Amino acid sequence: MTEQTGMTGQARMTEQAGGASGEAVEETVAEVGRTLAVNLRAARTARAWRLEDLAAHSGVSRGMIHQIEARRTNPSVATLARLCTALDVPMSELVQLPGQLGTVLRRSEAAVTRHGARGLSEAALLMSDGRHELWDHRLQPGDEIHDSGHPAGTRELIHVTEGILTLAAGSATFTVAPTDALHFRAADRSHTYRNAQAVTARYTVTVIYTGQRDHRYPLHPPRSPEGDDCT
């Protein structure tokens, strides 16, 4: 039967793969069109412009702008450039897909390390892109976490939400109460987080690397070695 149709099994597989790929491309094109329609309308209304106003400023007809916002047509690069110039927004802003604007990272998927005498204190790495890290800490009463120091130039932004956190670095001691924050400029030095209170301390730490990142901690979410361009 294969010979009668003139199509081998491999050819059918190739055609099917091509069809799947084509569907993915069409879906991406459709998503770009939806994104462009929403963003164009938002940029226009943010200036309190009617369709006629944007047409007058851009030289693109009112009908064409309406077609784009109604997702009935995809504009040429020249038309999109005219609209962006009139609205004073970069072209990338109008076509940037929602997924490119942000990513939700679940704490349940964080890289967690445990500390303290009973292993009940947690340091959860929520995000690490090679330049910044976001940690969620739960430090039990009487526990402490010691850090030998990050690479040179590293800073930390610490925000306490529950309990009271004490941070000691050399001769300096900082006490951070609930809703208070600490800009710790010496995170490249040895330092210790302590909870001397009777209740759990809950706080977040944003680590900012100005040079080399700390390779003790993984990139999160993980990415391939080729994607890690930080030295």
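In the predicted model described here, V77 and T85 are exposed on one side of helix α5. The other side of this helix, which spans residues 77–87, carries the buried residues T79, L80, L83, C84, A86 and L87. Viewed down the axis of α5, these buried residues fall within an arc of 165°, and they therefore line one face of the helix. The helix is followed by D88, a residue whose phi is positive, with a value near 60°.

Strand β10, comprising residues 201–208, takes part in two antiparallel pairings. With β3, which covers residues 132–139, β10 is joined through eight bridges, the two strands running antiparallel. Within this pairing, H132 has I208 of β10 as its bridge partner. With strand β5, formed by residues 155–162, β10 pairs over seven bridges, again in the antiparallel sense. Here E162 stands opposite R202 in β10.

Three aromatic pairs are found in the structure. In one of them, formed by W135 and Y217, the ring centres lie 5.1 Å apart and the ring planes meet at 80°; since planes over 60 degrees apart count as edge-to-face, the angle is the reason why this pair is classed as edge-to-face. The contact links distant parts of the chain, for W135 belongs to strand β3 whereas Y217 lies in the segment after β10, and the two residues are 82 residues apart. Both W135 and Y217 are buried.

The two residues of this aromatic pair recur in the description of the largest pocket, where W135 and Y217, together with A123, H137 and D147, are the lining residues that lie nearest the centre. The volume of this pocket is about 260 Å³, and its lining is made up of 20 residues. The elements that contribute two or more residues to the lining are β1 (residues 111–115), β2 (residues 121–128), β3, β4 (residues 144–147) and β10. The largest share, amounting to four residues, is supplied by β1. In terms of residue character, the lining of the largest pocket consists of eleven nonpolar, five polar and four charged residues.

Strands β3 and β10 thus appear in more than one part of this description, being joined to each other by eight bridges and each giving two or more residues to the lining of the largest pocket.

Definitions and conventions:
Residues numbered from 1 in each chain as written. Predicted model: local features only at pLDDT ≥ 70, side-chain atom pairs only at ≥ 80, totals over all residues. Heavy atoms only, no water. Phe/Tyr/Trp six-rings, centres within 6.5 Å; stacked < 30°, edge-to-face > 60°. Buried < 20%, exposed > 50% of the residue type's maximum accessible area, 1.4 Å probe, protein only. Arc of directions from axis to C-beta. Pairing = 2+ DSSP bridges. 1 Å grid on protein atoms, 1.4 Å probe; cavity = no way out; pocket = protein on both sides within 12 Å on 5 of 7 lines; lining within 4 Å. Points joined across faces, edges and corners; volume = space filled by probe spheres on them. Nonpolar A, V, L, I, M, F, W, Y, C, P; charged D, E, K, R; others polar.
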